[in-house]
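Visitor: I'd like a close look at one part of this protein, please. Could you walk me through the charged side chains, then show me what sits around them?

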Amino acid sequence: MSRRTEEIPQNDHDPTGTATGEPDGDRPNGLTKPAAPTTDGFAKPAIATTDGLAEPAATTDALAKPATATMTDDPAKPADGPGAITEPDPGRPRSWEAVRHLLVRLHFYAGVLVAPFLLVAALTGLAYTLTPQLDQLLYGDQLRVERVGDGPRPLAEQIAAARAAYPEGTVASVVTPQGPEETTRVVLAVPELGEKQRTVFVDPYTAEVRGELTTWFGSTPLTTWLDDLHRNLNLGETGRLYSEVAASWLGVTVLGGLVLWLGRSRGQRAKSARGALLPDRKARGVRRTRSWHAATGVWLAVALLFLSATGLTWSNYAGERFGRLLDAANGNAPALDTALPGAEAPVEDHSDHAGHGGGEATADADPADFDAALTAARNAGLGGTVVVTPAADAASAWTVAQNDNVWPVHYDRVAVDVAGGEITSRTYWADHPALSKLSKLGVQGHMGVLFGVVNQIVLALVALGLTAVIVWGYRMWWQRRPTRADRRAPVGRAPERGAWRRLPLPVLILGIPAVAALGWALPVLGVTLAGFLVVDVVAGAVRRQRRTA
């Protein structure tokens with residue numbers, strides 16, 4: 001009588017592959033400890049432990065048959081190849097353990113398929129954190145003055161010097177220095193540059209032109225290039241899909257990993273917080289790698305979730321959904337009314353992009369009016385660096401906006417009638433809705449600006465930590481590969497398929513709408529998740545067809 005083929009399902013979070021007879025790397029030649037033989041000649045199956053990790057049964061017989069993933073009529077038939085998919089046992093009942101099995105499979109595929117995007121985002125983000133220092137190194141002559149003087153010259157003189165050196169275009173705005181050693185920036189809108197600008201750097205103490213750079217939203221050429229590299233790999237709008245894939249899956253991967261590790265640790269070694277927060281230095285092989293992978297992920301979790309959420313707010317598709325949320329919740333920044341008293345109609349507020357984009361004016365405003373607008377704003381209490389933007393037309397006021405992005409931030413704005421030096425309208429940062437504040441501060445924190453050098457150091461450490469976590473993840477996949485002569489493969493096999501069939505009904509009833517809602521809110525996540533499911537179904541069908549052939 002032929003023995004039936006029986007699958008021993010791969011343990012749900014057992015990268016060692018012990019439950020399937022794969023090596024754990026703790027023993028010579030990568031072989032697992034053999035299971036004890038039973039009276040019928042079959043190997044005793046691995047014993048499950050409370051931490052969800054399979055443990056081979058103890059034995060004193062060195063010649064006992066090792067535990068294997070399958071028992072077939074043909075013992076010479078080679079085992080499954082790399083990344084092979086373990087088929088589920090249709091007779092297994094629904095259980096909450098299936099939730100964990102499903103998370104293992106999702107975490108595995110996210111790690112294998114999405115980790116390259118995350119690795120690129122981490123490395124390009126690491127490079128971007130260095131931009132303030134790189135800018136000073138490359139563009140120090142333009143950004144800094146040679147000697148700090150007694151007091152700044154009027155803006156009119158500085159603008160006149162800039163226009164004498166660079167007469168093309170029109171003056172779009174003037175940005176006052178952030179510190180005593182920095183230069184004034186005269187921003188010119190030049191049609192040939194498109195959405196970019198020509199920024200002329202002027203010594204505020206001598207009105208001497210220090211140079212010019214082609215800037216984008218106030219960023220230097222190097223910062224602009226590194227920003228595009230991080231955001232879209234310098235591939236334009238198409239390349240932005242990469243960063244949205246990374247940001248969409250980063251949060252899902254982190255949360256799934258936390259659930260798996262903390263749930264496992266609770267039953268195994270985390271009777272105190274030490275087991276979850278620190279790697280197990282006594283472990284060897286893949287278990288050691290996994291402990292470093294997981295413990296480091298726990299430490300990075302809050303920062304990674306923050307980067308995922310803030311990155312999504314200005315992504316293409318999820319960002320558009322976030323914009324709808326701000327509109328529905330009245331969470332946008334209050335608009336500054338730039339219409340002059342007695343004007344025929346209010347004019348659209350352009351001050352949100354002040355200092356960065358070109359205006360529609362075809363002729364320069366009177367340079368003396370820049371001083372009048374600045375004086376009125378200073379008298380109204382706007383300190384620090386400000387952006388002075390000319391009026392859009394004769395019916396509109398000038399705008400002066402604080403632009404201090406370092407904590408404590410300052411973003412007050414005023415509309416100024418330069419003819420009389422009066423403030424016609426004002427918005428206060430304190431009056432911004434909570435969502436608007438969180439969005440603004442989140443962006444500055446994501447860019448490493450909000451807390452200065454400390455912010456840069458934290459982001460650099462997070463980027464390096466994420467890189468290490470990804471490398472450890474791939475190392476685990478390699479360490480759990482089969483190494484027996486008849487089962488060699490370059491990488492380990494995928495976790496068990498079909499866990500969703502065993503999910504408890506409440507999980508299915510609540511989970512399916514929740515996943516659909518998440519897919520709507522994060523469209524790129526929804527599309528890629530659907531793609532994973534299609535690939536998984538096709539792979540399972542091909543595997544079953546090969547078995548029956």
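Guide: Here is a tour that starts with the salt bridges and moves on to the surface and the backbone.

First, a caution: what you have on screen is a predicted model. The protein has 549 residues, and 46% of them are buried. Its secondary structure comes to 13 helices and 12 strands. If you count contacts with a separation of 6 or more, 66% of them join residues 24 or more positions apart. The accessible surface is about 27800 Å², and carbon and sulfur atoms hold 62% of that.

Now to the charges. The model has 12 salt bridges, and I'll take you through some of them.

Start with R163 and D364, whose side chains meet in a salt bridge at 2.7 Å, N to O. This pair links distant parts of the chain, with the two residues 201 apart. R163 belongs to helix α3 (residues 155-165), while D364 is in the loop between α8 (317-328) and α9 (367-379). How buried or exposed are the two partners, R163 and D364? R163 has a relative accessible area of 15%, so R163 counts as buried, the limit being under 20%. D364 comes out at 34%, which makes D364 partly exposed.

Next, find R198 and E212. They form a salt bridge too, and their closest N and O atoms are 3.3 Å apart. Here the link runs from strand to strand: R198 is in β7 (residues 197-202) and E212 is in β8 (residues 209-215), with their positions 14 residues apart in the numbering. R198 is buried at 17% relative accessibility, and E212 is partly exposed at 25%. There's a third member to look for as well, since E168 joins R198 and E212 in a network of salt bridges.

The next pair stays within one helix. Which side chain does R231 meet in a salt bridge? The partner is D227, at 3.4 Å from N to O. Both residues lie in helix α4 (residues 221-232), and because they are four residues apart there, about one helical turn separates them. Neither counts as exposed: R231 is buried at 16% relative accessibility, and D227 is buried at 18%.

While you're at α4, follow the chain on to L233, which is in the loop between α4 and α5 (240-267). Check the backbone there: L233 has a positive phi of about 60°, although L233 is not a glycine. Why point that out? Because most residues other than glycine have a negative phi. At a relative accessible area of 31%, L233 is partly exposed.

N330 is another case of this kind, with a positive phi of about 50° although N330 is not a glycine. You'll find N330 in the loop between α8 and α9, and that is the loop that holds D364 from the R163 pair. N330 is exposed, with a relative accessible area of 62%.

Let's go back to charge, this time on the surface. R274, R281, K282 and R288 gather there in a patch of positive charge. A residue with a salt bridge can't be part of such a patch, so these four belong to a separate story from the pairs above. Zoom in on K282: the loop between α6 (274-277) and α7 (285-313) is where K282 sits. At 80% relative accessibility, K282 is over the 50% limit and therefore counts as exposed.

For contrast, turn to a nonpolar patch on the surface. W407, F451, V454 and V458 form this one, and together they have about 420 Å² of accessible area. F451 is in the loop between α10 (434-446) and α11 (452-479), and at 46% relative accessibility F451 is partly exposed.

W407 is worth one more stop. What is the peptide bond from W407 to P408, cis or trans? It is cis, with omega near -5°. Most peptide bonds are trans, so a bond of the other kind deserves a second glance. P408 itself lies in the loop between β10 (398-402) and β11 (413-417).

To retrace the route on your own, go from R163 and D364 to the network of E168, R198 and E212, then to R231 and D227. After that, visit the positive patch with K282 and finish at the nonpolar patch with W407.

Methods. Residues numbered from 1 in each chain as written. Predicted model: local features only at pLDDT ≥ 70, side-chain atom pairs only at ≥ 80, totals over all residues. Heavy atoms only, no water. Patch = residues over 30% accessible without salt bridge, like charges linked within 9 Å, V, L, I, M, F, W, Y side chains within 5 Å. Areas by Shrake-Rupley, 256 points an atom, 1.4 Å probe, with all protein chains shown as cover. Lys, Arg positive; Asp, Glu negative; His and termini not counted. Charge placed at Lys NZ, Arg CZ, Asp CG, Glu CD. Buried < 20%, exposed > 50% of the residue type's maximum accessible area, 1.4 Å probe, protein only. Contact = heavy atoms within 4.5 Å.
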